[in-house]
Every structure is written in structure tokens, then in C-alpha cells.
Amino acid sequence: IAYDIVEEPLNIYVTEAGYNKALRQLGEDMNETRVKFHKIAPFEPFDVEDYHIIPLAADHDSSTNPVIYIIEKGGKSLLYAHDTGIFPDSTWDYLEKYNKKFELISLDCTGMAQKNWRRSHLCLNTDKEVYDRLTEIGVCDKNTIVYVNHFSHNGMLTHKELVVEAEKYGFLVTYDSLEVVF
């Protein structure tokens with residue numbers, strides 16, 4: 001088997017606190033020839049190739065100043081909200097001023113069909129709360145595609161079982177290798 005050798009480093013976009021945590025865990029001699037860190041901050045947009053990205057504050061490990069993302073390209077936008085509980089007030093405030101509708105939303109669903117996962121991760125019933133609030137503030141509607149993602153053994157369902165439960169909320173369930181064009 002022949003592999004192409006990639007000369008470019010892997011680009012990782014991370015908050016200052018997340019970078020410092022990685023530095024502590026990986027050591028001072030992190031090889032930035034293979035990995036290049038780009039420091040970002042909540043609510044400070046940046047561009048990568050043809051994508052406009054807006055990091056928003058997330059509810060997860062506060063020691064890393066976690067973020068979720070609005071990703072825009074070609075007049076379309078998606079909200080990518082994994083590894084978060086119910087969004088912090090600062091994120092809701094930002095979203096209330098966001099003047100576009102999301103074509104797609106991808107929400108954390110670590111808790112799957114369990115109830116009331118509100119901190120650090122979400123479950124189906126709290127995903128519904130998030131979706132309802134996003135609809136109420138006008139950034140999504142019945143045409144917005146909603147996927148749930150970021151599963152683990154903590155949810156205690158198989159993929160097939162999760163699909164059945166998610167359908168009750170009108171949500172779709174992701175899987176490895178899924179490609180979505182919207």
C-alpha cells in the first residue's frame with residue numbers, strides 16, 4: 001500500500017486555555033511541524049479557506065474555555081454544537097442577534113434517551129429544548145435539518161434504538177462516514 005506524504009501540518013483551532021492544557025499534557029516539545037495550533041476565542045470570527053467560522057461559548061470543561069461553532073459558506077450556515085450542555089447566556093445573546101437562519105444544526109446527544117442532561121452534554125429532550133429556543137429566536141425553522149451526534153456508551157442505546165427515539169423529536173441521527181450536502 002502506498003500512502004501520499006502530506007507536507008502540510010494538521011491545523012488545530014483552539015482557545016488559549018485549550019492550547020495551554022494541550023501544552024501541559026503533550027509537553028514543551030510539541031512538534032508543530034506536524035501540528036499547527038491556531039488560537040481562537042469565543043465570539044471572534046475567523047476564516048479558513050472558504051469558510052467563515054464563529055466560535056461561541058460552550059458549556060463543558062471550563063478549564064479549556066470551550067467553544068461550539070457557527071460555520072458559514074456560500075450563503076449557508078450550520079450550527080455545530082457538540083461537547084456542550086445548554087448554551088451559556090453569552091451564546092444565547094449572540095444567537096439572538098444572528099441575522100441568518102441555519103440550514104443545518106448538529107447537536108450533542110451523549111445522553112441519548114436519558115432525561116435532562118443539561119451540563120457538559122445533552123440528550124434528546126434537552127436537544128429539543130435547544131431546538132425550540134433556536135426556533136423561538138428565529139435562527140431555525142421547520143426547514144432546518146437537525147442531526148444529533150456525539151454519542152457514547154453513556155447513552156446506553158444502540159444506533160438503531162437511537163434512530164427510533166430521535167424520530168419522536170423529528171431529529172436525524174448521524175453515523176460514521178455520513179456526508180451531508182445541504
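A residue counts as exposed when its relative accessible area is over 50%, as buried when under 20%, and as partly exposed in between. The exercises below apply this to a predicted model.

**Exercise 1. Classify S177, and describe its backbone.**

Step 1. Place the residue. S177 lies in the segment after strand 9.

Step 2. Apply the cut-off. The relative accessible area of S177 is 67%, so S177 is exposed.

Step 3. Check the backbone. S177 is not a glycine, yet its phi is positive, at about 80°.

Step 4. Set this against the general rule. Most residues other than glycine have a negative phi.

**Exercise 2. Do the same for F43, then look at G27.**

Step 1. F43 sits in the loop between strand 2 and strand 3 (46–48).

Step 2. Its relative accessibility is 28%, and F43 therefore counts as partly exposed.

Step 3. Phi of F43 is near 70°, a positive value in a residue other than glycine.

Step 4. Turn to G27. This residue comes just after helix 1 and has a positive phi of about 95°.

**Exercise 3. Describe the overall fold of the protein chain in numbers.**

Step 1. Count the elements. There are 4 helices and 9 strands.

Step 2. Read their order from the N terminus: β-α-β-β-β-β-β-α-β-α-β-α-β.

Step 3. Test the overall size. A compact globule of 182 residues would have a radius of gyration near 16 Å; the protein chain has 17 Å, so the two agree. Along the principal axes, the C-alpha atoms fill a box of roughly 50 × 40 × 35 Å.

Step 4. Look at burial and contacts. Of the 182 residues, 38% count as buried. Take the contacts between residues at least 6 apart in sequence: 60% of them join residues at least 24 apart.

Step 5. Finish with the surface and the charges. The accessible surface comes to about 10,900 Å², and carbon and sulfur atoms account for 51% of it. The chain carries 18 positive and 30 negative charges, and their mean positions are 5 Å apart.

**Exercise 4. Find the buried side of helix 1, and say what covers it.**

Step 1. List the buried residues. In helix 1 (residues 16–26) these are G18, Y19 and A22.

Step 2. Ask where they point. They span an arc of only 100° around the axis, so they lie on the same side of helix 1.

Step 3. Recall the helix geometry. An α-helix has 3.6 residues a turn, so residues three or four places apart point the same way.

Step 4. Identify the cover. It includes strand 1 (10–15) and strand 2 (35–40).

**Exercise 5. Separate the two sides of helix 2.**

Step 1. Start with the buried residues of helix 2 (residues 89–97). They are T91, W92 and L95.

Step 2. Check the arc. It is only 100° around the axis, which puts these residues on the same side of helix 2.

Step 3. Look at the other side. There, D89 and K97 are exposed.

Step 4. Name the packing partners. The buried residues of helix 2 pack against strand 4 (51–57), strand 5 (67–73) and helix 3 (124–136).

**Exercise 6. Is T64 buried or exposed, and which residues does T64 touch?**

Step 1. T64 is in the loop between strand 4 and strand 5.

Step 2. Its relative accessibility is 17%, so T64 counts as buried.

Step 3. Leave out residues up to four places away in sequence. T64 then touches T15, A17, G18 and K21.

Step 4. Connect this to Exercise 4. G18 is one of the buried residues of helix 1.

**Exercise 7. Describe the surroundings of Y169 and N116.**

Step 1. Place both. Y169 is in the loop between helix 4 (159–167) and strand 9 (172–173). N116 is in the loop between strand 7 (104–108) and helix 3.

Step 2. Classify both. Y169 has 24% relative accessibility and so counts as partly exposed. N116, with a relative accessible area of 49%, is partly exposed.

Step 3. List contacts, again without residues up to four places away in sequence. Y169 touches K115, L124, N125 and K128. N116 touches C123, N125 and T126.

Step 4. Read two C-alpha to C-alpha distances. Y169 and V146 are 23 residues apart in sequence and 9.8 Å apart in space. N116 and N20 are 96 residues apart in sequence and 32 Å apart in space.

Technical notes. Residues numbered from 1 in each chain as written. Predicted model: local features only at pLDDT ≥ 70, side-chain atom pairs only at ≥ 80, totals over all residues. Heavy atoms only, no water. Rg over C-alpha atoms; globule rule 2.2 N^0.38 Å. Buried < 20%, exposed > 50% of the residue type's maximum accessible area, 1.4 Å probe, protein only. Contact = heavy atoms within 4.5 Å. Areas by Shrake-Rupley, 256 points an atom, 1.4 Å probe, with all protein chains shown as cover. Lys, Arg positive; Asp, Glu negative; His and termini not counted. Charge placed at Lys NZ, Arg CZ, Asp CG, Glu CD. Arc of directions from axis to C-beta.
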